[in-house]
Each structure stands twice: as structure tokens, then as C-alpha cells.
Amino acid sequence: MTKRVTNFSPGPAVLPEPVLAAARRDLLALPGVGSSVLEISHRSPAFKEILDAAEAGLRKLLDIPRNYRVLFLQGGSRLQFSMVPMNLLRGSGRSADYVLTGAWGNKAIVEARREGDVRVAWDAKETNYDRLPEPGDLDLDADAAYCHFTSNETIEGVQFPTEPEVGNVPLACDASSDFLSRPLPIGRYGLLYACAQKNAGPAGVTVVILREDLLQRGAETLPGMLNYRNHDEHHSLYNTPPTFAIYMLRLIVDWLTNDIGGLEAMAAQNRRKAQMLYEVIDRSDGFYRGHARTDCRSLMNVTFRLPSDEIQATFIAGAAERDLHSLKGHRSVGGIRASIYNAMPVAGVEQLRNFMTGFHKKNI
Ligand SMILES: *Cc1c(COP(=O)(O)O)cnc(C)c1O
């Protein structure tokens, strides 16, 4: 077998090895079915069981209240940038508030503006998205259709430790890159969405969790595929869903539940992994410079710079020689980004930490 490298890709990202092993074991024939999950009808009892288990597992892991629906959709989080305002803003006679803490929030607002009036409740552009709003900074409209924020800005590496306070306005969240990395008080949200390929599975499926009263807002004139109500009424089988991606998501949910021991345990491991890298950054006398302010650093995407572009290129090449892959930062921010999602083992972070420490010594 080809050896596996330590993969710091921002997404699609590393998956847990036991999950990949289970998928490989059952790829030719699912036990009791005799066909691959890739080959069976989405309306077959075998797939129905997978879909139901994925939803039930998510409900248990996240302790999702009964008055919330779980949908498995396609089109990635970027389609949600449109579906959220199409369903919740269009025709509402109100505007929507957007809290901008990075590149993804900015992309979300571009799509929302096509659908209706949008207000910027806060924007960290001036400081190149290195921080979060302080309590009281948000310019909120108490009558907004919803208030949207990005729990973890994947590119800048800025993460909300808890939800922003928005009063009675439904909170809408792009949780793409920290979904399932920690427990969430779902009851505080109106709607939350996450593409799977960062933390919850392969590309192809996007999870939407929404409070059931919000289903009524979608206009009849919306295209069927873009109306949450249709997907809900058909239990995510309105059209052929991404069956393999849902199967993988179910395996991930089982792994989180049984192997990891739940989201508290996962969160503790994620805190530990991130701390290992931030410690090296903080103790490097400015050789490594973190992008995010220390009080809003992401536990998922660790972003930092080195003293020059040249040293940075040497760093990336040296890391690759040690099988530490995909560390180059996003082109809009530059620098280094180590994505250390749930499936990144502690041992992988240890390898990177040791490399960073050694590289600093050699380049003093
Ligand atoms: C990756 C990502 C997206 C885009 O997801 P797609 O599935 O490619 O549409 C949106 N928001 C955040 C926070 C992301 O990390």
C-alpha cells in the first residue's frame, strides 16, 4: 500500500483512518446487501437505514432539539449562501444582518445582496480579518430577517468561541469548517449549515439544521430544489441525494460517537492540538507570527507567517520532505495554514510542532 502523508489540507481534508478502512472493507459489498453502497437505490431499505442512522447519529451527537430539522443537501456551502436568503429573506419585507469576520462571510453577503436588503452588522476588513467583534460592537437590526455569521473563517483562521448575542433575531451560521469539532447549543440557532468536506466527510453533502418554523418562510415561487420545505417534506430524498457522501458522514458520526467518545472529548483533543502549535508560535520571539489575534484563534486552521517569502518557501519544501503536506496558506492571506480538523491525529500535529521548532533553530 502507498504510504499516507500527514495531510494539513484545508478541504477536502484528512478523514479518520478507521472510517476509510471501514469504507474500503465494505466497498464491494455492504454486509447483508451484496452490492456496494455506490450501486444501490437511494430508495432501497439499505440506504434508508444509512440515511436514518446518519440523522439519528447527528441528533444524538449534537443533542438537536425536536423542533429542528436535519437536511442533507448538495451544492456545498456556497449554495447555502444563496438558499439562506432565498428562503428567509426574499419577500420578507425586512433586511438581513451579516457579521463579516473573513473571506467566506464576504462571499456569503455577495449572494445575499442578490436576494434582498442586507446590512453589514460588523466588518473586520480594516485589520485584515484578524479579530472578532467585542460585545456591543455589532450594529444589529432588532427586526432583521436573520443575522448571519461564520463560526470559523477557514482562510484567516479566526473562530468564534461562542455564538454572538443577537437577541430574538434568528441566528444563521456558516459552520462549514468547525462543524462537529465541539458541542453546539443548537437551540440558539435559527439555521446552521456545513459542507462536509472539512470536518464531517467527503465533498458532496451539505448538512443544514434549521428550526421548523423557518420552513414556512420559503416562497412557493422558489425552484423546488432551492426550497428547504421540499427537501424537508421528502426527508432529503427530493432528488437523488449524494448517497456515498451520506454513507461516509454516517461513518464519521459513528467514529465520533464510539471511538472518540462524543463532542466534548473531540473538543478537548482539538484544543490540545491547536495549543501545541500556538505555543511554538508564541515562544518563537516573532519568528512565527500568527495572523489571528490570540483571543480569537481558530482551533481548526492555524495561520501564521515567517520572516520572508523565501524562508516561507524553504519551510514548505522542508515540511514536504518530511511528509507534512498542504501547508501553504490561501493566496488571499499568504503565509502558512495548518488545518488540523477532527481527523488530524495528535501525532500529526506533534510532527509539525517538532519540525517548526527545529526549523526555527536552524534559521535564527
Ligand atoms: C469551505 C468553506 C465554504 C465553501 O464550501 P463549498 O462546499 O466549497 O461551497 C464556505 N464557508 C466556509 C467557512 C468554508 O470553510
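Buried, in this talk, means under 20% relative accessible area, with exposed over 50% and partly exposed in between, using a 1.4 Å probe and protein chains only. Strands are DSSP runs of E of at least two residues, helices are runs of H or I of at least four, and both are numbered from the N terminus.

What you see is a predicted model, where local features need pLDDT of at least 70, side-chain atom pairs count only at pLDDT 80 or more, and totals for chains, interfaces and linings use all residues. Residues are numbered from 1 along each chain as its sequence is written, and side-chain values use heavy atoms, leaving out hydrogens and water.

Now the sheet. Three strands make an open sheet, ordered 11-12-14, with antiparallel pairing. Strand 11 (289-290) and strand 14 (336-339) are the edges, each pairing on one side only. Pairing here requires that DSSP finds at least two bridges between two strands.

Take strand 12, residues 301-305, which pairs with strand 11 over two bridges. Gly290 stands opposite Phe304, and Arg289 has Arg305 as its bridge partner. Towards strand 14 there are four bridges, again antiparallel; in one of them Val302 partners Ala338.

How much of strand 12 is buried? Four of its five residues are, so by the definition just given those four are under 20%.

Last, the helix. Helix 7 (residues 263-282) packs on the sheet and touches strand 11, strand 12 and strand 14, contact being heavy atoms within 4.5 Å. The direction of helix 7 makes about 15° with that of strand 12; axes are lines fitted to C-alpha atoms, for helices over the stretch in contact, and angles run from 0 to 180 degrees between N-to-C directions.
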